[in-house]
Amino acid sequence: MKFAILGTGVMGRGWITQCSMTGHEVHCYDDNSKILSGAAEASEKFTAKVAKKFKIDDPDFVSKARKNTNTYEDKGAFIEAAKRCDVFLEVIFEDLELKCTVLSELLPQLPEKVVFWSNTSSLDINPMAEAGGRPDRSITTHGMNPVPMMPGVEVVPGARTSAETVEFTRQTLLDMKKAPFLAPNIPGFWVNRLLIPQMLDAVRLLEQGKIRVEDGDIGLLTSLGHPQGTFKLHDFVTTPTMLRVSLEMYHATNDPRMYPPLILIRMVKNGEFGAGSGKGFYDWCDPHKPKARNLSRYVIGSAEDMADHVI
Ligand SMILES: NC(=O)c1ccc[n+]([C@@H]2O[C@H](COP(=O)([O-])OP(=O)(O)OC[C@H]3O[C@@H](n4cnc5c(N)ncnc54)[C@H](O)[C@@H]3O)[C@@H](O)[C@H]2O)c1
């Protein structure tokens, strides 16, 4: 199977790794040349991590995956490669208007047979499906972060997605060693419909000075069996993506719980993007030993504090 992947950020790199290490050819592009240039190497490191974690007994596992990975600095060359692919997967910013604009430009250039997948974490597939002009062959495949470590993928058909596309998608994901499951086309689908309000509530409690980062995470780790706490998860998702997802979900639902807490907006403004940027809810100077930050300066207890935080 051949995959064209648009967007090589956090999730794009995860998907590149998943496709290439399961023997599929990947062709990818990102309009940020710096991010694109690091994608193949990041994916190679990811593959090596997977080989170690799952004790894969194949000395060529990493090099074979690397050979399956192709990056394109030139968008035209990427589109030419995408024409020969079975699946076009978009993994760009969580912004419905942006996704629709980009898809309306790119998808009409591809042959009819190419199936369109979106890795959106919350958005309605229908406008994207219509913008791309192939609604029967469009579907959401919401992979979890990090893709090669978390098997689950939400498969979300739109109003006009054909039964063949659903079955093709399910089978292809199984073939990629993923664990697909059907989820409803509502803002946030199944997983984020439950998870995002909880993550935002945690940040609001932090903002009110009711909980500290370390206690909050240890609590969830030791009491609910979470693999990491909610604040560390924020740092892996990245604060800009959390902000985009939360705004999109708020606009789609009008639910005040989805509205981004001020602290999240402030952190994005201050470049505190999470693990990759060195600072988020944790200090990541030593990525092996992240240290919970004291974020008391962000606590909003009074109108005066609020004024200090005006952006
Ligand atoms: N971060 C997570 O934990 C997570 C989990 C599940 C799903 N998602 C979803 O995956 C998608 C991508 O999220 P991410 O975390 O990888 O974000 P990211 O910011 O790490 O990566 C997005 C990439 O898209 C690129 N991009 C933006 N516009 C583009 C365009 N017009 N053409 C080409 N490239 C473009 C950017 O340069 C960037 O590298 C979003 O829809 C997000 O909601 C994210």
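**How do we know? Questions about a predicted model**

Q: Where in the chain is Ile-186 found?
A: Ile-186 sits in the loop between β8 and α8 (191–207). Keep in mind that this is a predicted model.

Q: Why is Ile-186 called partly exposed?
A: Ile-186 has 14 other C-beta atoms within 10 Å. Buried needs 20 or more, and exposed needs 12 or fewer. The count of 14 falls in between, so Ile-186 is partly exposed.

Q: How far apart are Ile-186 and Ala-163 in space?
A: Going from C-alpha to C-alpha, they are 19 Å apart, with their places 23 residues apart in the sequence counted as the separation.

Q: And Ala-275, what makes that one partly exposed?
A: Ala-275 has 19 C-beta neighbours inside 10 Å. Being buried takes 20 or more, while exposed means 12 or fewer, so Ala-275 counts as partly exposed. You'll find this residue in the loop between α12 (262–269) and β9 (282–283).

Q: Which residues does Ala-275 touch, if you skip those up to four places away in sequence?
A: They are Asp-235, Phe-236, Gly-280, Trp-284 and Pro-287. What makes each of these a contact is that the C-beta atoms, placed from the backbone, lie within 7 Å. Thr-238 is 37 residues from Ala-275 along the chain, yet their C-alpha atoms are separated by 7.2 Å.

Q: What makes β1 "mostly covered"?
A: Four of its five residues are buried. For each of those four, that means 20 or more other C-beta atoms within 10 Å.

Q: How do you know that β1 and β2 pair?
A: Count the bridges: five join β1 to β2. Pairing asks for at least two, so these strands qualify. They run parallel, and Ile-5 stands opposite Cys-28 in β2.

Q: What about β5 and β6, how many bridges do they have?
A: Strand β5 (residues 115–118) and strand β6 (residues 138–143) have three bridges, in the parallel sense. At least two are needed, so this counts as a pair too. Here Phe-116 stands opposite Ser-138 in β6.

Q: What is the strand order in the open sheet?
A: Eight strands line up as β3-β2-β1-β4-β5-β6-β7-β8, with mixed pairing.

Q: Why are β3 and β8 called edge strands?
A: β3 (69–71) and β8 (179–182) each pair on one side only. On average, neighbouring strands of this sheet are turned by 25 degrees against each other, direction ignored.

Q: Which helix packs on the sheet, touching β2?
A: That's α4 (residues 75–82), which touches β1 (2–6), β2 (25–29), β3 and β4 (87–90). The direction of α4 makes about 150 degrees with that of β2.

Q: Which domains does the chain have?
A: The domain assignment gives domain 1 (2–182) and domain 2 (193–308). Their centres, taken over C-alpha atoms, are 28 Å apart. Nine residues from domain 1 and eight residues from domain 2 make the contact.

Q: Which residues come nearest the ligand?
A: Of the 25 residues around the ligand, they are Gly-7, Gly-9, Met-11, Glu-94 and Asn-145. Domain 1 and domain 2 each provide at least three residues of the shell. Helix α1 gives the most, with three residues.

Q: How many residues of each class are in that shell?
A: There are ten nonpolar, twelve polar and three charged residues around the ligand.

Definitions and conventions
Residues numbered from 1 in each chain as written. Predicted model: local features only at pLDDT ≥ 70, side-chain atom pairs only at ≥ 80, totals over all residues. Axes fitted to C-alpha atoms, helices over the stretch in contact; angles between N-to-C directions. Contact = placed C-beta atoms within 7 Å. Near = placed C-beta within 6 Å. Nonpolar A, V, L, I, M, F, W, Y, C, P; charged D, E, K, R; others polar. Domains from an automatic or database assignment.
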